[in-house]
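Work through the exercises below with the model in view. Each task is followed by a stepwise solution.

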Amino acid sequence: TLVGLCLWLWGCWQHLNIMRPQMAGILCFILLLTLLTSRHRRTWHWFAVPALFVAWANLHGSFLVGLMLLAGMAFGRGLDLAVRCGEVRAIWQDSLVRRYVLMLELAAAAVLLNPYGVRLYAEVFSVANHPNVAELTEWGPLQLRMAQGQATAVIALLLIVLYRLSPRRVTAAEVLLLFGFGAAALWSSRMLVWWIPVAVTFGMQHAGAIWHQWQSTSETQFP
């Protein structure tokens, strides 16, 4: 956990050392990621997710990234079931798929509780497409000459090693989110703040699986 925290701080430091509304968006994203990746599914999550998106939509326009995260989790789980079962019907019968889809619908409706109403979606896209945005350095492509680009390269290499050694099953959601947010970060370095929490979360989960496997092997060989 401490290693993951240090990697996250290293990769996101340039975005974290400037106080701006995006800080609230990063916090909301990490809270949502924590809820979605938790092994314990609580009833209060049904209230926490919509409430989180209400606050998120009124704090920063990055709530769209949260909707993408929910969609990626739902679609990835569906792909896993389609490959494993070979039946489309099995997808909707899965409680986890229904959970993600319903949470996505609740979240998409919850963001409408804002002064703009349904126009908020259009307003967010208009800001992202504004000509002035193209002139900002942080909206440009991620480059290896950047400090955050070097941190990203190290984290990516570490992920390759962890996924190669991990006994933990790799889910389709992990692949979709890592490559999806990763491609967005390469296109615009500002999107890096969404990829690194995902990469660190999944990476440390596989690191934990490797550690437990090593401990079990050591106990078997040296009782």
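**Exercise 1.** Compare the span of helix 6 with the expected span, then state how its buried residues are arranged.

Solution. Helix 6 covers residues 95–110, 16 residues in total; helices here are DSSP runs of H or I with at least four residues. From first to last C-alpha it reaches 22 Å, close to the 22 Å expected at 1.5 Å a residue, where the expected span is 1.5 Å times one less than the number of residues.

Next, list the buried positions (under 20% relative accessible area, 1.4 Å probe, protein chains only): Leu96, Val97, Arg99, Tyr100, Met103, Ala107 and Ala110. Seen down the axis of helix 6, they fall within an arc of 160° (directions from the axis to the C-beta atoms), so they line one face. They pack against helix 2, helix 3, helix 4 and helix 5, contact being heavy atoms within 4.5 Å.

The model is predicted: local features need pLDDT of at least 70, side-chain atom pairs count only at pLDDT 80 or more, and totals for chains, interfaces and linings use all residues. Residues are numbered from 1 along each chain as its sequence is written, and side-chain values use heavy atoms, without hydrogens and water.

**Exercise 2.** Which parts does the salt bridge between Arg77 and Asp94 tie together?

Solution. The N to O distance is 3.0 Å; the criterion is a side-chain nitrogen of Lys or Arg within 4 Å of a carboxyl oxygen of Asp or Glu. Arg77 lies in helix 4 and Asp94 in the loop between helix 5 and helix 6, so the pair links parts 17 residues apart in sequence. Asp94 is buried at 13% relative accessibility.

Key. Helix = DSSP H or I, 4+ residues; strand = E, 2+ residues; numbered from the N terminus. Buried < 20%, exposed > 50% of the residue type's maximum accessible area, 1.4 Å probe, protein only.
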